[in-house]
Structure formats: structure tokens, C-alpha cells
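This report is meant for a reader who is meeting the structure for the first time. It takes up ring contacts, empty spaces and a few helices in turn.

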Amino acid sequence: MNPADERERQRFTRTWQSPPGLSGWIATVNNRPLGIRYMVTSLVFFLAAVLLAMVMRTQLAVPDNHLLTPEGYNRVFTMHGSTMLYLFAVPFIEGLGLYLIPLFIGSRDVAFPRLTNFGFWMYLFGGLTMYASIFTGQVPDAGWTAYTPLSGPRFSDMGMDFWLLGLSLVEIAGISAAVEIVVTILKLRAPGMAIQHMSLLVWSYLATGVMILFGFTPLLLATLLLEMERSLGLRFFDIRAGGNSLLWQHLFWFFGHPEVYIIFLPATGVLSTIIPVLTGRRLVAYPLVIVAILVTAFVSFGLWTHHMFTAGLPELPMLFFTAASFMIAIASGVQVFAWIATFWGSRPPYTVPMLFILGFFFVFINGGMTGVMVATMPFDWQVHDTNFVVAHFHHVLIGGAVFPFLAGLYHWLPKFSGRLAGENWGRIAFALIFIGFNFTFIPMYVIGLLGMRRRVFTYPEELGVGSLNLVATMGAYLLGAGFLTALLGLAWSAWRGRSADDNPCNGGTLEWSIPSPPHVSGFRRPPVVRDRYPLWQEPPSDALQSELARTAEVLDHRPAGWRATLLTDATNGLPQALQYLPGPALLPFFTAAAMLVAAVSVLMKNYIGAVVGAMFALGLIGTWLCRDPDLPRGEADQLAAGLCLPLLASGTRATGWWGMLGTIVILFTVLAALIYGYFYLRLYSEEWPQMGHPLPGLAGPALAYGLLAAGGAVQLFNICSRRHGRRRLLPPGMAAVVLLGLAYSGGELRDLIATPFSPRSSAYASIFFTLNGFALATVLTGVFFMGGTLIRMLRLDEPLAAPRLRLWLQNSELFWLFAVASGLLVFLTTRLVPHLL
């Protein structure tokens, strides 16, 4: 290698490195360090949750025990469940995905590196906010489901505010990571990697990311609505003002049951990746497993009232939810049989990952069988809210997720650290975990059938379950010791274990094609992938392979002056452009810190401070979005000539367009959940509007929404003008859109101020103002996007020649059309329908 090439490679490496020191650590946007931070932080929370579980089991070891007070026990099990489900399971999954997915698809990083940094800080700040309640002596005590009215202002203290605001920050982190994962999988795959060449781990994460967008958003909305009720006096769930406590349950479980499969599906992807390595053969029934993943993801959203069979809902619709529960069991069974068929006739080594996989089969199948039992209404009526249900969901979540993820940690530890995992301590950990788990939770099935309720701090000796509870407690101690042994063993191996080869397990997927641990950029040269197991299959010798290899060669250690990866088609994986990736930045950290300030200000009832913090965060986000890439001109021209591809993309090729589409999906889900809440409250109200409120006026709102509809029509005309080359009409058309949007906003704000009832007067008033406020905020955001794009266009002679500005324009158009549609839906729902029905 000549000295010039060596200097270029060193420059490439420096470009991908983060600055030294604390500021560089905070500002890093590389996916692998941030993925490790996600996983390590989640495992710390996991150990905290295990400790809380030990305290709970000690309390329940013998009858009539008073180690904990009733209030103390409520707080312990609330924090245990909340930590496991919100602070451990999903963040760990997302951290593992952020680390592995770029390696599996041949990308140098994720689609939005700064968003990854922002999401981590939001997750950390949210978790610390939840646990900060300990220092106030007001710990959340309404359970991890936070059912109203127990979690409302009448029956809980400030601890629930810590819980709600901290959980909101964590949910934002989860949703941002989901957008990151979905767009990365769709747009940053290696050249040639068509969707039929994707690993099943990647398929499972793609389905999981989409599920998070639709599942986490209703929970985020529900937590914000409940916090608005607690802090601002709104009445969504207050039955005294026409609210409905079951509305919380519907919104919560629309998230809650899909979350089980949000946790489970990535675990199945881990299994579908490790089992072929252990057997040395391809996974059986790859197309059927993909179908099973997609069916599970889709049907999981039809199961939420599975948890509400005893809530007094009509029996006929409940039968459909029972049928959906059975259907999803069939989809899970397809994957189990595919794994068994892959094992059939092979001689896999009994390594630690193999032991955890065998443990998964035993534990998860037991959990699945009891899941079918509790999906049957007559049986569920008998065991609902007993220890039988506790045993069932621990079989599903620990057996279905923790066992596979422990197998994954042992399997990929050489990739994470460059060192082999210790087998001896791993086997000891597996024995303690497997034995401890079964001694803990199998007796709980019997305890539940004998009538012991869940969430009770003690029980009388006459119930006859003291011996079984003692066995369960001893098993819990073994289980906790096993988890501690496993994590300490992994940490020791990562630090002092034997050095590993690049591919110590002879894996066939792409992550084993590069050094362990990976180079700071991941792939110094993009791989060409034409098979699901590219390391086990020679690529075909055809013209397409030669063309893709030429593109990869041009990008060998390039570009050296800025971070970039290849942008490919979402279906066939053919190269489309080069994707610019931003480098280290403190802006995401400060944005997350501003949102933390807003949350803490709400806790302190300092609403002015909350508004200032939120506005500061919005300003930082605006600055974040408006920053344009600055590419070194000489290298950029040379690279563009060699690639014959654009260096910046627009339209559906650009990750920014897909990110905007994800944002619209999130906002649409919020709108749909609000409209659902509106009609749910109406369905169970004797009068509508409630409390004798007058029907909403029509004349003024109709004029305002007419202006909004005109803004939508003008925007459609603008799009047609742009596509037909009449670009001179574009600036005045955009200005008209901005003016019409502002006119609507002024008219809508005037009508809301003139409304003859306040948001606090009834549940109807609360949902009315919330829906209209959502529409107003969406339109104002659209005006901001359109106005900002117009200002930037007026500064350039040929604005549409710049790909970045074209992308801004396309995204602004897309968001504006969504804002118009949202406003019209809100008008129909809150203004017109009450007059018609």
C-alpha cells in the first residue's frame, strides 16, 4: 500500500472516531457504543428489578409476614414490574438491534445517528426520573399497569407523577429507536441484499419496529392524558365528570399485549440466527417463518381485551379476541416447529447458547400452553388476577425472551468484545437459572389455582399455600443468583476472556465477515450480498455482481472526509445514492436535557418552567433539523464521478423522507387514539355533550376549517406545478399555504377561547379541547415547515437543484397534507358529528 492510500485510510478512521474526553463520550453518535450503553443500562435496571423481586418473594415466603407494609409492598411490585417491562426489556432489545442490525445488513451506521444519541439520553433520564421518586418518599404504588382511578389524583401521591413523566421520556426514546431501526433496515442494506436475502433477525426487528410505532404511541398518549388530569385538572378518566376508567385500560392494553410480542419477536430472531450456526445448516421453512412473524405482529393488535375478560365487556366481541389469541399461538407454533426441524438429524454442540435454547423450549412452551388456557374466557374468569397469571407471563417473558437473549449474549460476546465467553461459569449460571426459574414459577400455578390473589402483601395460613410459597421463594433466590452469575461471568469474559477469532462459531451471516470487535466504521468496504448466508454461499458470477462489486470498491475506505454509507432500494437492495451521516454532536444531549427540565418542572408544579423547557427543546430540534451537510468539494466530485450515484438523495430514496413518514404514522396513531377516546366516552355517556354543555358552534369553525381545506387544495396545486415544471408558481403558492394556515390557526384559537365551557368542566370538554388542540398544533407545525422551506428557497437562485432543499420541500408537502387531513377529521368528529347524531 502506498503512503497516500495509508494516509487516506487513517483519515477515514479519524472521521469515524468520536472526540476524546467527556464531551466526546456524550456527543458520540456511533451505533455500536450507543447500543452497548443501551444494553448495559438496561441490565443495571434489570438487576435492580431482580433485587426488588427478591424482596417481594421474601415477604411472601411465609404466611402473615410483615417484613413489608401493604403500602411498601405495593411500591415494590410497582417498581419491579415497571423496571422489567419499561426500563429493561424493550430498551435491551433496541440496544441489541442498534448494535447488530447495521452489521447484519452491511451498513456503516444507522439512518439517524443523532436520533440514537437523543434516544439514549431520553431513556436514561426517564429511568432516573422514575427512580428519583425514592428520594422523595413518594414511590409509585398503583402497579405497573397504573389502572385508574388508583393512579388518579384522588388515590395516589406525587410518586405517580414521577412514574408518568419518567415513562413518557422512556416511551419517546423507544419510539425514536423504532423509527431508527425501521428506516435503517429499509434503506441502508448492503448492495444486492434484497428483502428475500435478509436474516430472520432483521425481519423480526423490522416487524418489531413497526409494532412499536403503533403500540407505544397510545401508551405515550395515555400517560400524557393521565398526567394532564393529575396536573392540570382535566377529566378524561374521572367518572364524576363523565370520564371512564376503562378508557385507560383500553389505551394501555392496546400497547400492553403487543408489547409481549415486541419483546418476543426479536428473541425469535436471535434463535433463528443461532440455531443454524449450531446445526451448520440453513433454517428450515424461511418463508413460513417470515409469514409467522408478520402474522404475529399484525394479530397482536387484536388481543388487547384479552386482559379485560373480567371487566364487564359484552361477551360476543370477546369471542373474537379469544380466536385471535388462538391464531397467534399457531403463528408461534410455526416458528417452534421450524426450529425443531432445523435441529432434526443434526449434532449441535452443547455450548452455553445451546443450553439456553433448550431451556427456552421447555419454559416457553409451558407458557404458551397456559396462554391458550387464559385466552379461554371461562377459565380466565377463574384465574384472573391470581398467581396463575403471574406464573404464566413470567414463563412467556423470561422463557420467551430472557433465555434467548442470554443465549445471544454468549453467542455474540466475541463480536462485542473480541473475547470468548467462559463456558464453565455459563453452565453454572444456566443450571441456577433453569432450576431456580422452575422452582419459582411452577408452584405459583398451583398457588393461583388454590385461590391466592396476585398483588397481595400477605396471606393467611389457612389458605394452605405457605409451603408452596416457601419453595417459590427459595427458587427465586436461586434464580437471582443465576442471573448475577451469568452477568458477572459475561462481564469478566469481556474483560479477561480468551481472544476470539473473527468468526469463532463459523456463522454464515454478515456480522462475522469483519473483525471482532468491529472497526469504528463497521464496514470499511460495503459487502455485496446475494444470499441469506453470504459466508456459506459463493456469490453468482454475473453482470449484476460485477456492477455491485465495482460500487463497493469505489467506497473502500471512502469517503474519508465525512461519514457516509450506501443508500439502497427498499425491496431489491440496488444502490441509489450515498447517505450522509452526521458526526458527533452535543445537540441531542441538550435537547434531551431540555425535555428533562420540562418534565421536572411539571413535577414541581412550575408550569412556566415546563413551557420554557419545552420551547427550548423545540428550538433545539429546529436547529437540529436545519443543519445541512458540508461536503469537501474535491472529494465529493471525485466520489460522485466514480460511483455514478448522487451524494445526497431526495424523495422516497432519502432516509429523511422515510423518517417523515414514520413521524406521520406516529401522529396518525395519536389522532386515531384520541378519536377512539372521544367516541368511547360518548358511547358510555347518557348525554352528549356532558354536563349540559351546549353543542359546539359551527359557523366560525366551518370558516376556519374552510381556510384549512383551501390550504390543502393550494398545496395539491403546488405539487402539480412542481411536477410539471412550473416552478415560478411555487413560491407564491407556498406563501398562500402559509397564510391560509395562519388564518385557520387564528380562527381556531379564537373559537377555542370563546367556547362557553372550560377543559376542566367534564370529560367531554377535556377530550374536545385536546382533539382541537392537537389539530391546531399539527397545523402550526406544518406552517413552520412550509415557511422555513420557503425562506430557504428564496435565498437560492436554483433552489430545486439542491437535493437537500428538494427533500425539505417534499417533507413539508407531505406533512402539510397530513395536517390538513387531521384538521378536517377533528372538525368532523368534534364539530359536525354532534349536530348530526
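## Charges over rings

Arg 496 lies over the face of Trp 495, at a distance of 5.3 Å from the centre of the ring. A second contact of this kind involves Arg 37, whose charged end sits over the ring of Phe 120 at 6.0 Å from its centre. These values, like the others in this report, should be read with the knowledge that the model is a predicted one.

## Aromatic pairs

Phe 120 also belongs to a cluster that is linked by ring pairs. The other members of this cluster are Trp 25, Tyr 38, Phe 45, Trp 121, Tyr 123, Phe 125, Tyr 131, Phe 589 and Phe 590. In the structure as a whole there are 66 aromatic pairs. One of these pairs is formed by Trp 248 and Phe 252, which are stacked, with 6.2 Å from centre to centre and 25 degrees between the planes. The two residues are four apart in helix H8, so about one helical turn separates them. Trp 248 counts as buried because its relative accessibility is 0%, and Phe 252, also at 0%, counts as buried too.

Another pair is arranged edge-to-face, because the ring centres of Trp 339 and Phe 360 are 5.7 Å apart and their planes stand at 70 degrees. This pair links distant parts of the chain, with Trp 339 in helix H10 and Phe 360 in helix H11, 21 residues apart. Both Trp 339 and Phe 360 are buried.

## The second largest pocket

Helix H8, which carries the stacked pair described above, also takes part in an open space of the model: it gives nine residues to the lining of the second largest pocket, the largest share. This pocket has a volume of about 920 Å³, and its lining is made up of 45 residues. Those nearest its centre are His 257, His 306, Gly 371, Val 374 and His 392.

Which helices supply at least two residues each to the lining of this pocket? They are H8 (245-279), H10 (315-343), H11 (352-374) and H13 (387-417). When the lining residues are sorted by class, 25 are nonpolar, 15 are polar and five are charged.

## The largest cavity

The count of cavities of 30 Å³ or more comes to eight. About 730 Å³ of space lies in the largest cavity, which is lined by 39 residues. His 80, Val 390, Phe 393, His 394 and Phe 441 are the lining residues that lie nearest the centre of this cavity.

Two or more residues of this lining come from each of the helices H3 (31-59), H4 (70-105), H13, H14 (423-449) and H15 (466-496). The lining divides into 29 nonpolar, six polar and four charged residues.

## Helix H5 and Asn 811

Helix H5 covers residues 113-132, and its 20 residues should span 28 Å at 1.5 Å a residue, which agrees with the 29 Å between its end C-alpha atoms. H5 is mostly covered, since 17 of its 20 residues are buried.

Is Asn 811, which lies in helix H24 (residues 803-836), buried or exposed? With a relative accessible area of 11%, Asn 811 is buried. From Asn 811 to Phe 321 the separation is 490 residues in sequence and 38 Å in space, taken from C-alpha to C-alpha.

Notes
Residues are numbered from 1 along each chain as its sequence is written. This is a predicted model: local features need pLDDT of at least 70, side-chain atom pairs count only at pLDDT 80 or more; totals for chains, interfaces and linings use all residues. Side-chain values use heavy atoms; hydrogens and water are left out. On a 1 Å grid over the protein atoms alone, a cavity is a set of points where a 1.4 Å probe fits but cannot get out, and a pocket is an open set with protein on both sides within 12 Å along at least five of seven lines; lining residues have an atom within 4 Å of a point. Grid points are joined across faces, edges and corners, and a volume is the space filled by probe spheres set on the points. Ala, Val, Leu, Ile, Met, Phe, Trp, Tyr, Cys and Pro count as nonpolar, Asp, Glu, Lys and Arg as charged, and the others, Gly among them, as polar. Rings of Phe, Tyr and Trp (its six-membered ring) pair if their centres lie within 6.5 Å; planes under 30 degrees apart count as stacked, over 60 as edge-to-face and the rest as tilted. Buried means under 20% relative accessible area, exposed over 50%, partly exposed in between (1.4 Å probe, protein chains only). A charge sits over a ring if NZ of Lys or CZ of Arg is within 6 Å of the ring centre and within 35 degrees of the ring normal. The expected span of a helix is 1.5 Å times one less than its number of residues.
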